[in-house]
Amino acid sequence: MKTNIILAGVGGQGILTIAAVLDTAALASNLNIKQSEVHGMSQRGGAVQSHVRISDKEIHSDLIPQGKADMIISVEPMELLRYLPFLKKDGLLVTDINPFVNITNYPELEALYNEIKTHPNSLLIDAKTIAKSLGNSKATNIVLLGAAAAQLPLSDESLQEAIKTLFERKGEKIVRKNLEAYNKGKEIALEIVS
Amino acid sequence: MKKLLLGNEALAQAAIDAGISGVYAYPGTPSTEITEYIQKSKTAKTLNIHSQWSVNEKTAMEAALGMSYAGKRVLTVMKHVGLNVAADVFMNMAVSGINGGLVVVVADDPSMHSSQNEQDSRNYGRFAMIPILEPSNQQETYNITRYAFHLSEQMGLPVMVRMVTRLSHSRAGIETSKGELQNNIHLPKNPHQFQLIPMHARNRYQHLVDIQSDTRESSENSYFNTFIDGPNTSMGIIASGIAYNYLMENFDDGDCPFPILKISQYPLPKKQVKKLFDTCKKILVLEDGSPFIEELVADYFSENKKVIGRLTGHLNRVGELNPDNISEALGFEVKHFTEMPKIVTGRPPELCVGCAHRDLFEAVNQLSKENSNQQVFGDIGCYALGVLPPYESINTLIDMGASITMAKGASDAGIHPSVAIIGDSTFTHSGMTGLLEAVIENSPITVIISDNSAIAMTGAQDSSASGRLIDICKGLGVDENHLKLINPLHKNLDKNIDLIRNEINHKGVSVVIAQRPCVQLPKEKKDKLKNLKKVSLN
């Protein structure tokens, strides 16, 4: 079993929090993990990505080869499309529908959605609104993680435990909000799929 | 349970476990997290391990050598271009040798994710004639760093650990092992070892040359250099450092049919290279960075077509390696199923919303508009983004400190206005000496120190300049009438433009300190800055 996941977004949008949940859950499940991330100048409002690889066998490369990603989870619709060459045939796409516009030539939103919808296995989710309605707009990333959860090689329990572990420091309320965000993401994905 | 660590963090944990008494470093991507990990480590605090940032890489490495002189183990850390700054002590401490184990970590940045060049530090290691270690993954980074301190003390030499961005910034589960105690203070046995006057230096240099056979033998027998047999001898593969991982990624369960020589310790183990040459028809060299091994093992005129790699076009000559370009070098087809749609546009990094550099660039651009002769010499930091739209304020960007000295040289050539923009930490790193030079000749340049009181680009670490800039400038002899402080806020724009214009018109050195803390600074740090010594200007 080997699962390759690309996390995409803009510097500061919290993709490393998604990565940390995946890492923690994988490690607790006695699986091997490699997770690359971007530090330095690109973090300042630029396109960033993280490659997460989870396996019960030894993982060699820190980077996912082209055409081998099982899924791309993006907190921004255009950033999702940037990494399509990495997606395997019929791989899963999960993205927030809300754009992060900090460039003057940002494409037409409808064109982006249409492009995403041409992929058979895509989940377009208004994660930001969901997170806001739960009273924690910062949990957008966790909503998206929840939406992808059913297709991850990690048990629901291990993911919930990882969320508890990671947010523990910030207090019980933040833990609860993030668990709600995760579960809401799961629900929405189920609704879309069925 | 295993610890989930970045390659950089695994290295830092290994250094703590190896019994270092200090780490000396200046921040620089991709090396920064090594020192930060030690700064945050409770164990390191309990053990009283020195971890405060140095002013630059040269001071860092010299302090490390001082700690080694005292008999203690020590780590010094920098990015590849930082080693240029420390090159003087680096080359000479190979001649003097060390006392307590001294490990130099250099994090290279192939593909220049956050750098001006992709120089390969292995060339420096070979230049200095010291052992180089190049881990291939995070666990090996831990193990090899532990080993590095023993090797350093065994050889009496500094040892280089060469990291690359992808290893530095990727996490994996790490198993650590039992820690060692710190060394007690013990001075060098030979009182002349560190006295590099010519008569002693000649002896030391001869010694360095003489022990090259020892460093080579250590490589030949190293646990980290492995010859892996394979049935298909139509090709043999030399894979160094992280390239080994990308290679193995191309074979299910790591089942590669070709013989492989995995290199993680230098000098190159000649016997093993010879064995590969003798048994294989062709040799593919895989290495991240420059064709360092390839140049050593290929013949000068490339008439022997046996060696292939970056020099022969089988791999990209520049840019980092990845599983895909190695796959192509192996003759496999790289398949992808979907192209990136054309509507996707680039998203380069940008200055933060509310960043003080933005307001400074607005002022500078207005002055460039007023006088098209104006040239603006930039420096290394977030403000390097002033090269890009929307500001496009900066004409040059070369190395730490070059803004002031290039502005001076251009001014000597007759360019006016000649303006330097330099950050506070870059100024204390390498700008002060240049400013002194300009003061001595009273060169008509305007130096703007964009003081955000942080080493912002690498994560807002403490700046050596905080609270000291005015005193430093006065001390260097800057005329107090032309040493000005401004607050770069939009509401002050017109006032700031007027002030800078006046200083540009002054026929001598002016320094304008544009002071407003980095927006990325946490509140505690901003509060701390407020309590720093306030120095008033006349």
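These legends walk through several close-up views of a predicted model.

**View 1. Chain A on its own.** A good place to start is chain A, which is built from seven helices and six strands. If you follow the sequence from start to end, the elements come in the pattern β-α-β-β-β-α-β-α-β-α-α-α-α. The C-alpha trace of chain A covers about 45 × 40 × 40 Å along its principal axes. A compact globule of 194 residues would have a radius of gyration near 16 Å, and chain A agrees with this, having 16 Å.

**View 2. Where chain A meets chain B.** Here the two chains touch, with 42 residues of chain A and 41 residues of chain B taking part in the contact. On the chain A side, at least two residues each come from α1 (15–28), β2 (32–36), α2 (77–82), β5 (87–96) and α3 (109–117). Which element of chain A gives the most to this side? That is β2(A), with five residues. Sorted by class, the chain A side holds 17 nonpolar, 15 polar and ten charged residues.

**View 3. A strand pair across the two chains.** Stay with β2(A) for a moment, and look for its partner in the other chain. Strand β7 of chain B, residues 170–174, pairs with β2(A) in the antiparallel sense, and three bridges link them. To find your bearings, look for A:K34, whose bridge partner in β7(B) is B:A172. As a general reminder, strands of a sheet pair through backbone hydrogen bonds, either parallel or antiparallel.

**View 4. An open sheet in chain B.** Five strands of chain B form an open sheet in the order β8-β10-β9-β12-β13, and the pairing is mixed. The edges are taken by β8 (226–228) and β13 (307–308) of chain B; each has a single partner strand, so one side of each is left without a neighbour in the sheet. At the β13(B) edge, two bridges join this strand to β12 of chain B (residues 283–286), and the two run parallel. A handy landmark is B:L284, which stands opposite B:I308 in β13(B).

**View 5. Two helices side by side in chain B.** This view shows helix α4 (residues 57–69) and helix α6 (residues 87–96) of chain B, whose axes come within 8 Å and cross at roughly 30°. Angles under 35 degrees count as roughly parallel, and α4(B) and α6(B) are therefore roughly parallel to each other. From α4(B), the contact uses B:K58, B:M61, B:E62 and B:L65, while α6(B) brings B:D88, B:V89, B:F90 and B:M93. Five of the residues in this contact are nonpolar and three are charged, with no polar ones.

**View 6. Two domains of chain B in contact.** The domain assignment divides chain B into domain 1 (3–210), domain 2 (226–329) and domain 3 (356–530). This view is about domain 1 and domain 2 of chain B, whose C-alpha centres lie 27 Å apart. Their contact takes 20 residues from domain 1 and 15 residues from domain 2. On the domain 1 side, α7 (122–128), β5 (132–133), α8 (138–155) and α9 (165–168) of chain B each supply at least two residues. Among the elements on that side, α7(B) gives the most, with three residues. By class, the domain 1 side has eight nonpolar, five polar and seven charged residues.

Notes: Residues numbered from 1 in each chain as written. Chains lettered and ligands numbered in written order. Predicted model: local features only at pLDDT ≥ 70, side-chain atom pairs only at ≥ 80, totals over all residues. Contact = placed C-beta atoms within 7 Å. Helix = DSSP H or I, 4+ residues; strand = E, 2+ residues; numbered from the N terminus. Nonpolar A, V, L, I, M, F, W, Y, C, P; charged D, E, K, R; others polar. Pairing = 2+ DSSP bridges. Axes fitted to C-alpha atoms, helices over the stretch in contact; angles between N-to-C directions. Parallel < 35°, antiparallel > 145°, perpendicular 65-115°, else oblique. Domains from an automatic or database assignment. Rg over C-alpha atoms; globule rule 2.2 N^0.38 Å.
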